[in-house]
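Trainee: I would like to take a close look at a single part of this structure, and then to see how that part fits with its surroundings. Could you walk me through it slowly?

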Amino acid sequence: MFTYQIKENFFNLIEEFLNLLNQRDFKQLEITFQLNINVYNEILEELDYENISDKKLSLAPKVIALTVQNDNRAIFEIYRMNTTEEIIGVESCLYADNEETDLTLEGSIHKKDNKYIFSYHGIIQA
C-alpha cells in the first residue's frame, strides 16, 4: 500500500512531465524524463489525432486523483509491477483544459540515484 505522501509525490512528478509537454519543451523532457525524440513526436501526433494538441493537459484534480477510487477506469492508479526491480506502474486519466478525456496516460516510476523517475509508456483510449 502506498501512503498519501508517496501518491502525492508521484502525482506531482507526472504533472511536471505534463507541464513540460504542454510547454513543448523537448530538451527538458529529454533531460528530466529521458524521453527520446521519436516518442515525443508520437505523443504530439496522438494529441493532434485526438484534437487536443492545443489544449493544456493535466491529471484529474489532486483531491479527486488521490482519494477517489473508480472501478470503471483508473483516475490515478499506482501499483507494484511484477518485475525483479522495484518498478511502480501508473495509469491515470488525462484532462484537457480541465475537462476529462477518454484517454489514459500509462507509465512507470522507478528509483534511480535516490530519486524517482517517471517513464512514459503511452496514451491509450479508455
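Mentor: Ser58 counts as buried, because its relative accessibility is 8% and the cut-off for that word is under 20%. The model is a predicted one, and in it Ser58 belongs to strand 1. If we set aside residues up to four places away in sequence, Ser58 touches Glu15, Leu18, Cys93, Leu94, Tyr95 and Asn98.

From here we can turn to the nonpolar core, since strand 1 (57-59) is among the elements that each supply at least two residues of the largest one. This core holds 37 residues, and the members that touch the most other members are Ile14, Phe17, Leu21, Phe76 and Phe118. Besides strand 1, at least two residues each come from helix 1 (4-22), helix 2 (26-33), helix 3 (37-49), strand 2 (76-80), strand 3 (87-96), strand 4 (99-112) and strand 5 (115-125), while the largest share, 8 residues, is that of helix 1.

Phe118 is a good place to look at this core in detail. Leaving aside neighbours within four places in sequence, Phe118 is in contact with Leu13, Ile14, Phe17 and Phe33, and also with Leu105, Gly107, Ser108 and Ile109. The last of these partners, Ile109, lies in strand 4 and is buried, because its relative accessible area is 0%. With the neighbours within four places again left out, the contacts of Ile109 include Phe10, Leu13 and Ile14, as well as Glu86, Ile87, Ile88 and Val90, and further along the chain Tyr116, Ile117 and Phe118. The C-alpha atoms of Ile109 and Asp97, on the other hand, are separated by 25 Å, although the two residues are 12 apart along the chain.

Now consider how helix 1 is placed against helix 2. Their axes come within 8 Å and cross at roughly 155°, and because an angle over 145 degrees counts as roughly antiparallel, helix 1 and helix 2 are described in that way. The crossing in which helix 1 passes helix 2 is left-handed. On the side of helix 1, the residues that meet the other helix are Leu13, Glu16, Phe17, Leu20 and Leu21, and on the side of helix 2 they are Gln28, Leu29, Thr32 and Phe33. Sorted by kind, the residues of this contact are 6 nonpolar, 2 polar and 1 charged.

The loops around these helices deserve a careful look at the backbone. Most residues other than glycine have a negative phi. Arg24, which is not a glycine, nevertheless has a positive phi of about 55°, and its place is in the loop between helix 1 and helix 2. Arg24 is described as partly exposed because its relative accessible area is 30%, a value that falls between the cut-offs of 20% and 50%. Gln34 also has a positive phi, near 55°, and is likewise a residue other than glycine; Gln34 is found in the loop between helix 2 and helix 3.

Finally, the loop between helix 3 and strand 1 brings us back towards the starting point, and Glu50 lies in that loop. When neighbours within four places in sequence are left aside, Glu50 is in contact with Asp102, Leu103 and Gln125. The C-alpha atoms of Glu50 and Asn72 are separated by 22 Å, and these two residues are 22 apart along the chain.

Key:
Residues numbered from 1 in each chain as written. Predicted model: local features only at pLDDT ≥ 70, side-chain atom pairs only at ≥ 80, totals over all residues. Heavy atoms only, no water. Core = buried A, V, L, I, M, F, W, Y, C linked by side-chain atoms within 4.5 Å. Buried < 20%, exposed > 50% of the residue type's maximum accessible area, 1.4 Å probe, protein only. Helix = DSSP H or I, 4+ residues; strand = E, 2+ residues; numbered from the N terminus. Contact = heavy atoms within 4.5 Å. Axes fitted to C-alpha atoms, helices over the stretch in contact; angles between N-to-C directions. Parallel < 35°, antiparallel > 145°, perpendicular 65-115°, else oblique. Left-handed = near helix turned anticlockwise from the far one by under 90°. Nonpolar A, V, L, I, M, F, W, Y, C, P; charged D, E, K, R; others polar.
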